[in-house]
Amino acid sequence: MPAQPLTNAIVRVARLHRMIAGQLLRPLGLRLGQELVMMQLWDRGPQSQTELVRVLGSDSATMTRTVRRLENAGFVRIRPSTTDKRATIVEATPASQSVRREVERIWAHLEESATGDLTPTEQADALAILQRIETSLTRATT
């Protein structure tokens, strides 16, 4: 057993989850993480790139690359803000709707795969523990 079993388990689970998600998203023309941007835009409509950075916990350089790739793939349109000349607004294109249901299906599949045979109570407990771990790790970054 590793010296830090919880940290080791978190790393293994995150790696597996990312690997499976990446494999499922690739045929849609999406890279890992791009689906998060698309889901945010589909659910909440056009947003500034700064808002996407904040909501998704990204950094501006990564978000700029992600948005540019999505634009090149035809999934988003970028336009200047009408209220702030420094801001860029990102919006999902009608063409992106063609992959929306499949992205939602992939996330449902990931959720089912991750929870396996956990009862609803075990799922709620796992989520609560993961949220506490996230809070602890967030505190450790400040």
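Is Gln-49 buried or exposed? Gln-49 is buried, with a relative accessible area of 14%. The views below come from a predicted model.

**Figure 1. The whole chain holds six helices and three strands.**
Along the sequence, the pattern reads α-α-β-α-α-β-β-α-α. The C-alpha atoms fill a box of roughly 55 × 35 × 25 Å along the principal axes. Of the 142 residues, 27% are buried. Take the contacts with a separation of 6 or more: residues 24 or more positions apart account for 52% of them.

**Figure 2. Three strands form an open sheet in the order 1-3-2.**
The pairing is antiparallel. Strand 1 (47-48) and strand 2 (76-80) are the edge strands, and each pairs on one side only. Strands of a sheet pair through backbone hydrogen bonds, either parallel or antiparallel. Two bridges link strand 1 to strand 3 in the antiparallel sense. Strand 2 and strand 3 (residues 88-92) also run antiparallel, joined by five bridges.

**Figure 3. Ile-89 of strand 3 has Ser-48 opposite, and Arg-79 also stands opposite Ile-89.**
Ser-48 belongs to the strand 1 range, 47-48. Arg-79 falls within strand 2, residues 76-80. Another opposite pair in this view is Val-76 and Ala-92, the latter in strand 3.

**Figure 4. Helix 4 lies across strand 2 and strand 3.**
Helix 4 covers residues 60-72. Its direction makes an angle of about 120° with strand 2. Helix 4 also helps to cover the buried residues of helix 3.

**Figure 5. Helix 3 has a buried side and exposed residues on the other side.**
Helix 3 spans residues 49-56, and its buried residues are Gln-49, Leu-52 and Val-53. Why do these three share a side? They cover an arc of only 100° around the axis, which puts them on the same side of helix 3. An α-helix has 3.6 residues a turn, so residues three or four places apart point the same way. On the other side of helix 3, Thr-50 and Arg-54 are exposed. The cover over the buried residues includes helix 2 (34-44), strand 1, helix 4 and strand 3. Just after helix 3 comes Gly-57, with a positive phi of about 65°.

**Figure 6. Gln-49 sits in helix 3.**
What does Gln-49 touch, leaving aside neighbours within four places in sequence? Its contacts are Ser-60, Met-63, Thr-64, Val-67, Thr-88 and Val-90. Ser-60, Met-63, Thr-64 and Val-67 fall within the range of helix 4, residues 60-72. Thr-88 and Val-90 fall within strand 3, residues 88-92. With a relative accessible area of 14%, Gln-49 counts as buried because the cut-off is under 20%.

**Figure 7. Gln-40 of helix 2 is a buried glutamine.**
The relative accessible area of Gln-40 is 10%. Buried means under 20%, so Gln-40 qualifies. Beyond neighbours within four places in sequence, Gln-40 is in contact with Gly-45, Gln-47, Leu-52 and Val-55. One of these, Leu-52, is also among the buried residues of helix 3.

**Figure 8. Thr-93 is buried in the loop between strand 3 and helix 5.**
Its relative accessibility is 9%. Leaving aside neighbours within four places in sequence, Thr-93 is in contact with Gly-74, Phe-75, Val-76 and Arg-77. Val-76 is the residue opposite Ala-92 of strand 3. How far is Thr-93 from His-109, 16 residues apart along the chain? Their C-alpha atoms are separated by 25 Å.

**Figure 9. The largest pocket holds about 1,800 Å³ of space.**
Rolling a probe the size of a water molecule over the atoms shows where empty space is left. The lining of the largest pocket has 40 residues. Val-13, Ala-14, His-17, Trp-107 and Leu-130 lie nearest the pocket centre. Which helices each supply at least two lining residues? Helix 1 (5-25), helix 2, helix 4, helix 5 (97-115) and helix 6 (120-140) do so. Helix 1 gives the most, with ten residues.

Key
Residues are numbered from 1 along each chain as its sequence is written. This is a predicted model: local features need pLDDT of at least 70, side-chain atom pairs count only at pLDDT 80 or more; totals for chains, interfaces and linings use all residues. Side-chain values use heavy atoms; hydrogens and water are left out. Two strands pair if DSSP finds at least two bridges between them. Helices (H or I, at least four residues) and strands (E, at least two) are DSSP runs, numbered from the N terminus. Contact means heavy atoms within 4.5 Å. Axes are lines fitted to C-alpha atoms, for helices over the stretch in contact, and angles run from 0 to 180 degrees between N-to-C directions. Buried means under 20% relative accessible area, exposed over 50%, partly exposed in between (1.4 Å probe, protein chains only). The arc is that of the directions from the helix axis to the C-beta atoms. On a 1 Å grid over the protein atoms alone, a cavity is a set of points where a 1.4 Å probe fits but cannot get out, and a pocket is an open set with protein on both sides within 12 Å along at least five of seven lines; lining residues have an atom within 4 Å of a point. Grid points are joined across faces, edges and corners, and a volume is the space filled by probe spheres set on the points.
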